[in-house]
Amino acid sequence: MAAIITLEFDKGRSVFKSVLEKSLVASDIESLLSFVEAYQDEIFLEKRTVLDQVFRDILCKMISDVSKTSLLKTVITFAIQAVKQDMCSPSTPFLMMADIFDMLTIKRCEDIFDLVEDKVTVWKSEPFYESGKNYLLRMCNDLIRRLSKSQNTVFCGRIQLFLSRLFPLSEKSALNLASQFNLDNVTIYAKHEKSTCLTNFQAEVMEVDDAGDQSSSIPIDYHLYRKFWALQDFFRRPTQCYDKSLWEFFSQNASDVMSIFASYKLDDVSSTRKKVPTTQQSHQHVQNFFAKYLTSEKLLNLQLSDSNFRRYVLVQFLIIFQYLRATVKFKTQVQSLTDEQSEWIKESQEKVSKLLCETPPHGEQFCNSVKHILEREEHWNNWKNESCPNFIKEKQRDQSKAKTKPKRKRIGDDLLASNGKSLKLGNSELTRLWNLNSDNMEAAKAESRVFLPKLDDFFANAIEQADPEAMVEEQYNHERVMRHFRDINQQNFQWKAYRLLARSSPHFFVHTNTPGLPINVHLKDIVDKMAKEINPHHQMVEPKPEMGVADEEDDIKDNNEEHEEDDMRNEQDEVNPQLQLTNDQICLLADQIGTQWISLGEKLGLPPDDLTYFKDSFDGTAESALNMITVWQEEDPERDSIGLIREALNGLKLSRILETLNVS
């Protein structure tokens with residue numbers, strides 16, 4: 001039986017391999033998947049196992065050929081598609097990538113790593129993440145071990161960024177939960193003074209570099225050299241500072257180093273150094289990287305004059321100061337600072353920040369960036385102290401608890417009526433007005449709520465007054481012309497006219513060189529322009545610029561005639577019949593109109609909302625009609641209310657009611 005299984009496995013392996021090679025050449029994954037799905041054998045062999053082995057066989061065959069690097073990406077993509085169709089094991093693509101990065105050179109690994117980066121969304125999806133995250137982590141760690149931190153810096157950064165995108169922040173494998181330090185990072189320096197005197201060599205170096213004018217109260221000798229490099233052991237393991245004897249050693253050495261930095265002021269090299277070709281500058285900038293500084297005694301003077309070296313040391317001070325003062329979950333009770341130690345650290349932090357700001361180039365900008373990074377580190381430390389809670393809030397899975405949990409009331413639920421739609425505002429009239437329409441915004445946009453008049457209708461009287469044919473003579477002086485425009489001179493009309501023009505007329509926004517015109521003059525000009533649009537033959541009424549003696553006599557004569565016309569008009573007004581209904585007539589009309597008062601209101605131009613208001617607010621048709629007619633007449637006391645009511649009643653064929661009112 002085992003021999004039969006082996007034979008069938010080899011047979012299927014050979015067939016699948018041939019089909020896969022053809023599919024890779026044609027870049028057609030569908031043909032491979034359809035063939036595997038339709039393949040039948042005698043013992044119903046596990047096709048997934050066969051296809052897994054075929055993928056790895058093809059991969060090993062391609063790795064040896066440098067020209068087939070692009071096909072390596074294609075075969076990985078084919079394996080991903082096979083996993084999605086459940087024809088291949090989820091771990092197969094990860095095993096294939098591990099084989100690739102184990103057998104290829106670093107250069108070819110860097111070229112093909114973009115496939116791993118581009119598929120990060122695939123690796124984080126199901127079913128790849130759970131079965132492949134450990135493979136990816138092991139593969140990336142093996143790659144990093146092969147790389148040089150100084151020669152392959154970019155590739156190392158790409159791998160680290162990929163891992164940060166792959167794993168969530170709450171992934172415990174990427175966190176230093178126990179706050180352990182890298183104790184293997186040991187700095188080796190000369191712990192015994194050599195025969196060569198450091199001060200003599202220092203004098204030679206300073207003379208060569210033209211730096212002899214600098215002076216310091218602290219000599220640069222072997223004692224300073226030993227104090228300086230001894231601090232690296234405290235940076236490597238900050239917990240030593242909690243020991244009283246070691247703290248004295250650390251604080252004294254740190255004070256001496258900060259003092260020597262403060263005494264040696266650095267100049268901005270970018271403004272004093274000689275200009276070099278652009279290619280040379282860019283080359284120097286690229287090579288300005290040191291994984292670890294040399295600790296020779298003869299180099300200390302040069303290192304103290306190096307701005308980059310000084311920055312690295314000062315930043316180390318800020319890091320250890322932050323750790324000593326921070327609240328770390330895994331610190332013991334013994335690992336705490338006294339008030340005196342905390343005060344010294346606070347003062348030292350201020351000194352270090354000042355030294356960073358004074359270190360060229362761009363000292364203040366660099367110092368602010370470091371402070372920002374350390375603030376972010378505090379948030380990270382607090383998150384770890386809280387046992388790294390998940391940033392993504394999961395939905396409540398217990399449906400039974402969700403059902404028993406009382407429903408939380410929203411703001412405004414107390415105002416809802418029993419139907420859950422209308423609102424109760426505490427007053428019957430306010431409630432009625434608010435609930436006239438389910439959507440108040442849509443109700444406000446209704447055509448019946450548009451009360452903005454048209455320009456032609458609103459300015460009809462003013463345009464008629466501006467027509468020269470309506471005047472007695474062709475030319476008038478300015479005072480008489482402006483007196484003729486009765487509507488324009490009214491403040492109420494001016495206010496309404498300007499609001500209407502600002503919304504509907506282009507004449508309102510016209511550039512003019514006139515510094516400032518009176519409102520009535522400016523409004524008269526606009527009315528003349530509108531009159532010209534309506535009647536092209538319209539002529540503007542302009543005042544006569546100059547008048548002689550004869551013209552003045554004519555003007556006096558015109559004034560007298562105008563006064564006579566006003567007197568005649570007043571006499572005619574006195575004999576005019578009444579235009580308003582009396583209270584008794586309104587009561588009589590309300591009784592006679594009966595149930596047809598709504599039709600009368602529609603004829604008089606009352607909006608439907610007002611008619612509904614009168615109907616719902618008063619008991620009986622007579623009372624509703626009485627209030628409607630009274631309010632309508634009070635809106636415009638100068639209106640010919642009797643004439644309008646007569647027309648409305650005639651339209652309703654109720655002219656007989658007028659006879660009972662005794663109106664002329």
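Helices here are DSSP runs of H or I with at least four residues, numbered from the N terminus. The model is predicted.

## Exercise 1. A serine inside a helix

Place S348 in its helix, classify its exposure and list its partners.

*Solution.*
- Step 1: locate the residue. S348 is part of helix α17.
- Step 2: apply the cut-off. Buried means under 20% relative accessible area. S348 has a relative accessible area of 2%, so this serine is buried.
- Step 3: look for a polar partner. The S348 side chain comes to 2.8 Å from the backbone oxygen of W344.
- Step 4: find contacts beyond the local stretch. Leaving out residues up to four places away in sequence, S348 touches M258 and F321.

## Exercise 2. One face of α28

Sort residues of α28 into buried and exposed, then decide how the buried ones are arranged around the axis.

*Solution.*
- Step 1: mark the span. Helix α28 covers residues 583–593.
- Step 2: pick out the buried positions. They are Q585, I586, L589, A590 and I593.
- Step 3: look down the axis. The buried residues of α28 fall within an arc of 135 degrees, so they line one face of the helix.
- Step 4: turn to the other side. N583, D584 and D591 are exposed there.
- Step 5: identify the cover. The buried residues of α28 are covered by elements including α29 (597–603), α31 (621–635), α32 (641–651) and α33 (656–661).
- Step 6: inspect the end. G594 comes just after α28 and has a positive phi of about 65 degrees.

## Exercise 3. Backbone exceptions

Find the cis peptide bonds at P127 and P361, and the positive phi values at H362 and C388.

*Solution.*
- Step 1: recall the background. Most residues other than glycine have a negative phi, and most peptide bonds are trans.
- Step 2: take P127. The bond between E126 and P127 is cis, with omega about 5 degrees. P127 sits in the loop between α7 (120–123) and α8 (128–146).
- Step 3: take P361. A cis peptide bond runs from P360 to P361, with omega near -5 degrees. P361 belongs to the loop between α17 and α18.
- Step 4: stay in that loop. H362 also lies between α17 and α18. H362 is not a glycine, yet has a positive phi of about 55 degrees. Its relative accessible area is 60%, so H362 is exposed.
- Step 5: move on to C388. This residue is in the loop between α18 and α19 (399–404). Phi of C388 is positive, near 55 degrees. C388 is buried, at 4% relative accessible area.

## Exercise 4. L425 and its neighbours

Classify the exposure of L425 and describe its contacts.

*Solution.*
- Step 1: locate the residue. L425 lies in the loop between α19 and α20 (428–434).
- Step 2: classify. The relative accessibility of L425 is 35%, so L425 counts as partly exposed.
- Step 3: list contacts, not counting residues up to four places away in sequence. L425 touches L430, T431 and W434.
- Step 4: check a span. L425 and N435 are 10 residues apart along the chain, and their C-alpha atoms are separated by 10.0 Å.

## Exercise 5. Closed and open space

Describe the cavities, then the largest pocket, by volume and lining.

*Solution.*
- Step 1: count. The whole structure has two cavities of 30 Å³ or more.
- Step 2: treat the largest cavity. Its volume is about 40 Å³. The lining consists of L177, S179, V328, K329, F330, N381, K384 and N385. By class, that makes three nonpolar, three polar and two charged residues.
- Step 3: treat the second largest cavity. This one holds about 30 Å³. I76, M97, I100, F101, I112, L115 and V116 line the second largest cavity. Helices α5 (92–103) and α6 (106–118) each give two or more residues to that lining. The class split is seven nonpolar, no polar and no charged.
- Step 4: open the search to pockets. The largest pocket has a volume of about 1700 Å³. Of its 47 lining residues, F235, V315, Q316, I319 and I320 are the closest to the centre.
- Step 5: assign the pocket walls. At least two lining residues come from each of α11 (222–236), α16 (307–325), α17 (339–358) and α18 (363–385).
- Step 6: split the pocket lining by class. There are 23 nonpolar, 16 polar and eight charged residues.

Definitions and conventions
Residues are numbered from 1 along each chain as its sequence is written. This is a predicted model: local features need pLDDT of at least 70, side-chain atom pairs count only at pLDDT 80 or more; totals for chains, interfaces and linings use all residues. Side-chain values use heavy atoms; hydrogens and water are left out. On a 1 Å grid over the protein atoms alone, a cavity is a set of points where a 1.4 Å probe fits but cannot get out, and a pocket is an open set with protein on both sides within 12 Å along at least five of seven lines; lining residues have an atom within 4 Å of a point. Grid points are joined across faces, edges and corners, and a volume is the space filled by probe spheres set on the points. Ala, Val, Leu, Ile, Met, Phe, Trp, Tyr, Cys and Pro count as nonpolar, Asp, Glu, Lys and Arg as charged, and the others, Gly among them, as polar. Buried means under 20% relative accessible area, exposed over 50%, partly exposed in between (1.4 Å probe, protein chains only). The arc is that of the directions from the helix axis to the C-beta atoms. Contact means heavy atoms within 4.5 Å. A polar contact is a pair of N or O atoms within 3.5 Å; within protein, one must be able to donate a hydrogen and the other to accept it, and residues adjacent in sequence count only if both atoms are side-chain atoms.
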